[in-house]
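These are my notebook entries from a slow reading of one structure, kept in the order in which I looked things up.

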Amino acid sequence: MLKVYICPSCGWLRTVSRRKTVECHHCGGTSMELTKLAYEDYAAMSETERADYAKSWKYIHNRTHKIQDSCD
Ligand SMILES: [Zn+2]
């Protein structure tokens, strides 16, 4: 079963099957994190949608931006 991982540093998405440690090849070994994205959904996404997903993921996980009151 394939799982989708994301690089917290550059936002690169990658599908992986049964691996404990996943490293980003773009950032020279940064540990990637598991997303909640199902492989089927990932596969159906366009490049633009994937980029948007990565952007949102990084936004949520980094929290470097000022948090605004629930107005999305
Ligand atoms: Zn990376």
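**Entry 1, burial.** I began with how much of the protein is enclosed, and found that 7% of its 72 residues count as buried. The model I am reading is a predicted one, so I turned to its confidence next.

**Entry 2, confidence.** I noted that the protein averages a pLDDT of 87, and that 86% of the residues score at least 70. Looking at where confidence is lowest and highest, I found helix H2, residues 47-62, at the low end with a mean of 93, and helix H1, residues 39-44, at the high end with 96. I keep in mind a general caution, that predicted coordinates should not be read in detail where pLDDT is low.

**Entry 3, the order of elements.** I listed the secondary structure and came to five strands and two helices. Following the chain from the N terminus, I read the elements as β-β-β-β-β-α-α. I also looked up the contacts with a separation of 6 or more, and 42% of them are between residues 24 or more positions apart.

**Entry 4, the sheet.** Which strands form the open sheet, and in what order? I found three strands in the order S2-S1-S5, and their pairing is antiparallel. Strand S2 (13-17) and strand S5 (33-34) stand at the edges, and because each has a single partner strand, one side of each is left without a neighbour in the sheet. I then looked at the pairing of S1, residues 2-6, with S2, where five bridges join the two antiparallel strands. As one of the residue pairs here, I wrote down Tyr5, whose bridge partner in S2 is Arg14.

**Entry 5, helix H2.** I checked the length of H2, which has 16 residues and reaches 22 Å from its first C-alpha to its last, close to the 22 Å expected at 1.5 Å a residue. Is H2 buried or in the open? Of its 16 residues the number buried is zero, so H2 lies largely in the open.

**Entry 6, Cys10.** I ended with a single residue, Cys10, which I located in the loop between S1 and S2. I counted 13 other C-beta atoms within 10 Å of Cys10, and it is classed as partly exposed because buried would take 20 or more and exposed 12 or fewer. Leaving aside residues up to four places away in sequence, I found that Cys10 touches Cys24, His26 and Cys27. For Cys10 and Cys24 I also looked up the separation: they are 14 residues apart in sequence, and 8.7 Å apart in space from C-alpha to C-alpha.

Technical notes. Residues are numbered from 1 along each chain as its sequence is written. This is a predicted model: local features need pLDDT of at least 70, side-chain atom pairs count only at pLDDT 80 or more; totals for chains, interfaces and linings use all residues. pLDDT is the predictor's confidence in each residue, from 0 to 100. Two residues are in contact if their C-beta atoms, placed from the backbone, lie within 7 Å. Two strands pair if DSSP finds at least two bridges between them. The expected span of a helix is 1.5 Å times one less than its number of residues.
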